[in-house]
Amino acid sequence: MLKNILSLKTTKKLLFFVFIFPSLAWSDIGGLTCIRLPELMRAYLVAHVTKKQLDDAVKKEAIKQYLETLDPSKTQLLASDIAIAEKELMAFFEEMTQGNCGALDRLQKILLTRAVEAEQFTKASLNNPKYKIDEKAEIITDPKKRAYPKTIAEKEGLLLSFIHFQMANYLATDTKFPEAKKQLIHRYELVTKRVRERTNSDLINTFADSFSSALDPHSSYFSKDALEDFRISMGLSLEGIGASLSSEDGYTIVQEVIPGGAADKAKTLKSKDKIVSVAQDKGDFVSVIDMDLKEVVKLIRGKKGTRVRLNILRQSGESTDRVEIAIVRDKVDLKEQAAKLQIEEIKRGDKSFKLAVIELPSFYGDSDRNKRSSLADIRKLLSEAQEKKADGVLLNLSRNGGGLLDDGYKMAGLFLRTGPIVATRDARNRVDILADKDETVAFSGPLVVLTSRLSASASEILAGALRDYKRAVIVGADRTFGKGTVQTVLPLPGELGAMKVTNGMFFLPGGQSTQHQGVAGDVIIPSPLNFEEIGEDKIDGSLPTQKIASFKGTEANYDKGPMAWTEVRDDWVSKIKSASQVRVSKNEKFKEILSEIEEAKKNEGKIKVADLLKKDVEKDKKRKEAEKKTFAERTKDADAPVVGEAVQILADLIALQKGISPTAEVEKAL
């Protein structure tokens, strides 16, 4: 059973909902079927924090979510198809009680017809000897800002704009024109193939997930396979070859070989290799060209100690080599997603400070708390920072989208003596306060927390509590993502998978929920991650914010001693902010970031084909250099100036706490 992300008290209360299907014979349960959908929906409504009735509003939102899943780009279905689908799917809520999934099947047939039409139109357009890219073409990238096409002619006009855009994208990456046409045609063939291969089970699972998303953006349904992926993301380990894979034009591409994994140890697999077939030990090879990525992953994953063979295509200069390799599967520890420590040294005047930079990409853990967890890892890293005599800590949460609430609130306790950290209000309007009861302070020195618009959920609990208690300076984004809701994962019997449901809202010690408003930054640093369009309040169907009375504790600090910490003063924040603004204004990398942000705002979600075809020698050179790097290296490059400025801010804070003028820039700014 998965580790619940609520407190133990709430967990016991909610596990009841796993057993609310009295009419089903649990021992005979396979996958989700049509007749089981109504009972699954009732389970969601019982557990959800606010949505309790299967009214027309919930039904209409579920239908909208389902249609957006089937045609996310709005380039397949016509407005008339949507009208028919809405009517049929509304009736489907009654039909499913009789086990009738005819509405899903009929809609699937319409979608297949439209996919075939799009494929045929693409082939006809690109195979026309007179075809050339229209440089004046523009597309609105956000489908929510576009209506469904009303006629076939309108749909073909939209498709043609997309074809121009997609062709320009290929050419921008040095693909030759004939090869670009071939690859784009194949891409549309794959869309048709994916629609044709969609099973009844796929349709039912998708509708179940669409219903859960209709309640709020963070509730979801996990099929058996999706549940396994979720377990991996929470536990940071899996048994397999240790490679990150993606799908592109029908090929399974190795994005990255994970350090410490089986493939890394074997030194046989490389980034950008194309996997074309897979065999189990001495078995026959199975072609995986054009196979759905999740099916390819199933073939490659397996138990530790077993062998898998891969046929790969590898680019070698101008030629392509076909290579067969064998890898013995092993337990992969996804270290790149675990907390990491780096020691930086920086000067302020004649003083030199040691700074501990700790990156935490997520709040991870296992149902067995004796195994690896983010809380245990951070505790060890803080101990290591103490041993290395670090003067201060920078906690980087800028790419941390959340995870286990348990680890999030307990981690705040590593920097405080004791006291309430977060409160949750549940589906019955009951408030449960979660407090740090361990009086030990793992690190009492100056603390800076780096956030972005991507920092969400448990990240916001940690950052928000440290801000409310004036324990840390929050830097980076104007505010964090703004996700203030609590989810629990309830495993279902048999092959049904699990339901993830929003069953509460959390509140910071000051009484305010982070829902929509997030945690405000004390010092803003320009970053590509800090677009205004990113945030919970920008997501359709997100729940409104709430507020309760303040529950901030009075024993968060010691009067004196090695575990006593210094409260962040407002005048310090003002000086730090001024110094940072001066540094940022002089930094060329930040000028580039600000320019890119302004360019994105100016385009207002539109892409011009002409812009893609412009030959910018400098940008082309940067792109080619980036392609040689791993995903982790590219991420590090993008984050480098932001993290670098956060380190400078930490040095300023240390200097101010020691009574030292932090920088000459401060004096100039004031």
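Start by selecting Glu295: at 31% relative accessibility, this residue counts as partly exposed, a label that covers everything between buried (under 20% relative accessible area) and exposed (over 50%), using a 1.4 Å probe and protein chains only. Glu295 sits in helix H11. Now add Asp225 to the selection: the two are 70 residues apart in sequence, yet their C-alpha atoms are 10.0 Å apart in space.

Before going on, a word on what you have open. This is a predicted model, in which local features need pLDDT of at least 70 and side-chain atom pairs count only at pLDDT 80 or more, while totals for chains, interfaces and linings use all residues. Residues are numbered from 1 along each chain as its sequence is written, and side-chain values use heavy atoms, with hydrogens and water left out.

**The whole thing**

Zoom out and show the cartoon. You should find 20 helices and 21 strands; these are DSSP runs numbered from the N terminus, with at least four residues for a helix (H or I) and at least two for a strand (E). Of the 670 residues, 50% are buried. Switch on the surface and you are looking at about 31500 Å² of accessible area, 51% of it belonging to carbon and sulfur atoms; such areas come from the Shrake-Rupley method with a 1.4 Å probe, and for residues only the protein chains shown count as cover. Among contacts (heavy atoms within 4.5 Å) with a separation of 6 or more, 75% are between residues 24 or more positions apart.

**Helices H3 and H4**

Select residues 79-95, which is helix H4. Its 17 residues should span 24 Å at 1.5 Å a residue, and the end C-alpha atoms are indeed 24 Å apart; the expected span is 1.5 Å times one less than the number of residues. Colour Asp81, Ile82, Ala85, Leu89, Phe92 and Phe93, the buried residues of H4. Look down the axis of H4: these buried residues fall within an arc of 105°, so they line one face of the helix. That arc is taken from the directions from the helix axis to the C-beta atoms. Over on the other side of H4, Lys87 and Glu94 are exposed.

What do the buried residues of H4 pack against? Show helix H2 (37-47), helix H3 (56-70), helix H5 (102-127) and helix H8 (200-215) to see the partners.

Stay with H3 next. Its 15 residues reach 21 Å from first C-alpha to last, close to the 21 Å expected at 1.5 Å a residue. The buried residues of H3 include Val58, Ile63, Tyr66 and Leu70, and the buried set packs against H4, H5 and H8.

Between H3 and H4, click on Lys74 in the loop. Its phi is near 55°, a positive value in a residue other than glycine. Most residues other than glycine have a negative phi. Lys74 is also buried, with a relative accessible area of 12%.

For another case, jump to Asp290, in the loop between strand E7 (286-287) and helix H11 (293-300). Phi of Asp290 is near 70°, again positive, and Asp290 is buried at 15% relative accessible area.

**The cores**

Now for the inside. A nonpolar core is a set of buried Ala, Val, Leu, Ile, Met, Phe, Trp, Tyr and Cys residues joined through side-chain atoms within 4.5 Å. The largest one has 45 residues, and Ile378, Leu382 and Val449 touch the most other members. Elements supplying at least two residues each to this core include strand E12 (351-359), helix H12 (374-387) and helix H14 (458-468). H14 gives the most, with 6 residues. Apart from this core lies another, of 43 residues, among them Leu37, Leu70, Phe92 and Ala208.

Centre on Val449. Beyond its neighbours within four places in sequence, Val449 is in contact with residues including Leu395, Ala463, Leu466 and Val473.

**The sheet**

Finish with strand E17 (residues 473-476). Val473 and Val475 point one way, Ile474 and Gly476 the other, and all are buried. E16 and E17 run parallel, joined by 3 bridges; Val448 has Val473 as its bridge partner in E17. Widen the view to the open sheet of 6 strands, in the order E11-E12-E13-E16-E17-E20, with mixed pairing. Two strands pair if DSSP finds at least two bridges between them. Which strands are at the edges? Strand E11 (340-348) and strand E20 (523-524), each of which pairs on one side only.
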